[in-house]
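User: Hello! I am new to this structure and would like to understand the reasoning behind the words used for it. Could you take me through it?

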Amino acid sequence: MKEKHYSKIKDLIPGMIVADNIYDGNNHLIIPIGTKITDKLILRLGFYDIDNVLVWDKMEVSDILPNTTYSERIKKSEDFQKFRKEFLETSEKCKESLNKIVERSASKETIDEIIASTSNLLSSQNSNLYVFDMLHNMREMDDSTYVHSINVALIATVLGRWLHMSEEELKILTSSGLLHDIGKLLIPKEILTKPKKLTEEEYTIIKTHPKKGFELLKTLDLDERILFSTLAHHERCDGSGYPLKLHNAQINDFAKIISIADVYDAMTAARVYRAPVCPFKVISIFETEGYSLYDPKYLLPFLSHVVDSYIHTSVLLSNGDIGEVIMINQRYLSRPIVKCSNSYIDLSKEKKVHIESIL
């Protein structure tokens, strides 16, 4: 039996393991069970005025986590260090370029440079899943509009590769991902970064960002597919999206792809008001609710490929067990087979158990 105890924030030590989900005063999950404590997380807990945290006893940590998780091996690799350095450099270029567009001082060369820099993060890699490995392990980064835009550009372009799109179409996808949220830079910062639930009035203001971005970009010499992706990335196939409440046939293919990449990245990233949602939970939501909202022609290949990037990852199950994802169930992508010590759990059959978080 693993022993647990409450620790005051001042007594937390990096490397301790959180033994229960941590919620803020509004019942938003901010740190999931199984998370390894870091200096940054200690500061975050202080921000939320949380006094005590339930952790597993230090002597039991080796029983809770594998000696070296797949994630830890990725983070120690030279490939990851190189990707992270290039990603940070690209995010700075992205920030500079997008701000120039907002200030209406950008040239076509400005946009071409950031597209080329983002494409370089993809071009040197042999495996599309490699990109997801890298992004999965950079979730500690602040999820600014700039970082999110690069993530969406990378995810959308990899999906385009899986769909065997042409190089010209892939460049359009990269550009669309980079520019899709530029309208948010015209939204008051205090609304974008508000750590609590938005009021109805504030949410209405947020929902103006696709039109604001479209109006800004249409003054530039850009492909119409990029402009439409900016305007329509929050449209949904059943007509429930915004700003125009378009239906399936009225939404172009590029906007459909960007919308999937946008939602996947937004949900699996940390927010000021919540922790990242477990990717398997996101995949489950897509499986149960997504086929009426997103075009199955793009959603199905996205889910079936992206779930493969979690093979060999260490996961915490809802019953408290720690295991390794070893096989994907093609009929239930969010419920793989997990190896725990010397036993195997097929989550497609064990309906009461699910993946709580990725370690």
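User: How much area does the chain expose, and what share of it do carbon and sulfur atoms supply?

Analyst: Welcome! Please keep in mind that this is a predicted model. The exposed area of the chain is about 17600 Å², and 52% of it comes from carbon and sulfur atoms.

User: What is the secondary structure of the chain, and what makes the chain as compact as a globular protein of that length?

Analyst: The chain has 15 helices and 9 strands. Its radius of gyration is 21 Å, and the globule rule gives 21 Å for 359 residues. The two values are close, so the chain is as compact as a globular protein of that length. The C-alpha trace spans about 65 × 40 × 40 Å along its principal axes. As for burial, 52% of the 359 residues count as buried.

User: Why are α4 and α6 called roughly perpendicular?

Analyst: Two packed helices are described by the angle between their axes and the distance between the axes. The axes of α4 (residues 78-102) and α6 (residues 128-136) cross at roughly 75 degrees and come within 10 Å. Angles of 65 to 115 degrees count as roughly perpendicular, and therefore α4 and α6 are described that way. On the α4 side the contact is made by Asp79, Phe80, Phe83 and Phe87, and on the α6 side by Tyr130, Met134 and Leu135. These residues divide into 6 nonpolar, no polar and 1 charged.

User: What makes α6 mostly covered?

Analyst: Of the 9 residues in α6, 8 are buried. Among them are Tyr130, Met134 and Leu135, which also take part in the contact with α4.

User: How do you know whether Thr145 is buried or exposed?

Analyst: Buried means under 20% relative accessible area. Thr145 has 16% relative accessibility, so Thr145 counts as buried. You will find Thr145 in helix α7 (residues 145-162). Not counting residues up to four places away in sequence, Thr145 touches Asp181, Lys184 and Leu185.

User: Why does His234 count as buried, and where does it lie?

Analyst: With a relative accessibility of 15%, His234 is under the 20% cut-off, so His234 counts as buried. His234 lies in the loop between α12 (224-232) and α13 (253-268). Its contacts, leaving aside neighbours within four places in sequence, are His209, Pro210, Gly241, Tyr242 and Asp262. His234 and Val263 are 29 residues apart in sequence, with 9.1 Å between their C-alpha atoms.

User: What is the peptide bond from Tyr242 to Pro243, cis or trans?

Analyst: That bond is cis, with omega near 10 degrees. Pro243 is in the loop between α12 and α13.

User: Why is Lys245 called exposed, and what is its phi?

Analyst: Exposed means over 50% relative accessible area. Lys245 has 52%, so Lys245 is exposed. Lys245 is in the loop between α12 and α13. Its phi is positive, about 55 degrees, although Lys245 is not a glycine.

User: How do you know that His312 counts as partly exposed?

Analyst: Partly exposed is the range between the 20% and 50% cut-offs. The relative accessibility of His312 is 41%, so His312 counts as partly exposed. His312 has its place in the loop between α15 (296-306) and β5 (314-317). Its phi is near 80 degrees, a positive value in a residue other than glycine.

Note on methods: Residues are numbered from 1 along each chain as its sequence is written. This is a predicted model: local features need pLDDT of at least 70, side-chain atom pairs count only at pLDDT 80 or more; totals for chains, interfaces and linings use all residues. Side-chain values use heavy atoms; hydrogens and water are left out. Axes are lines fitted to C-alpha atoms, for helices over the stretch in contact, and angles run from 0 to 180 degrees between N-to-C directions. Helices (H or I, at least four residues) and strands (E, at least two) are DSSP runs, numbered from the N terminus. Angles under 35 degrees count as roughly parallel, over 145 as roughly antiparallel, 65 to 115 as roughly perpendicular and the rest as oblique. Contact means heavy atoms within 4.5 Å. Ala, Val, Leu, Ile, Met, Phe, Trp, Tyr, Cys and Pro count as nonpolar, Asp, Glu, Lys and Arg as charged, and the others, Gly among them, as polar. Buried means under 20% relative accessible area, exposed over 50%, partly exposed in between (1.4 Å probe, protein chains only). The radius of gyration is taken over C-alpha atoms; the globule rule is 2.2 Å times the number of residues to the power 0.38. Accessible areas come from the Shrake-Rupley method with a 1.4 Å probe; for residues, only the protein chains shown count as cover.
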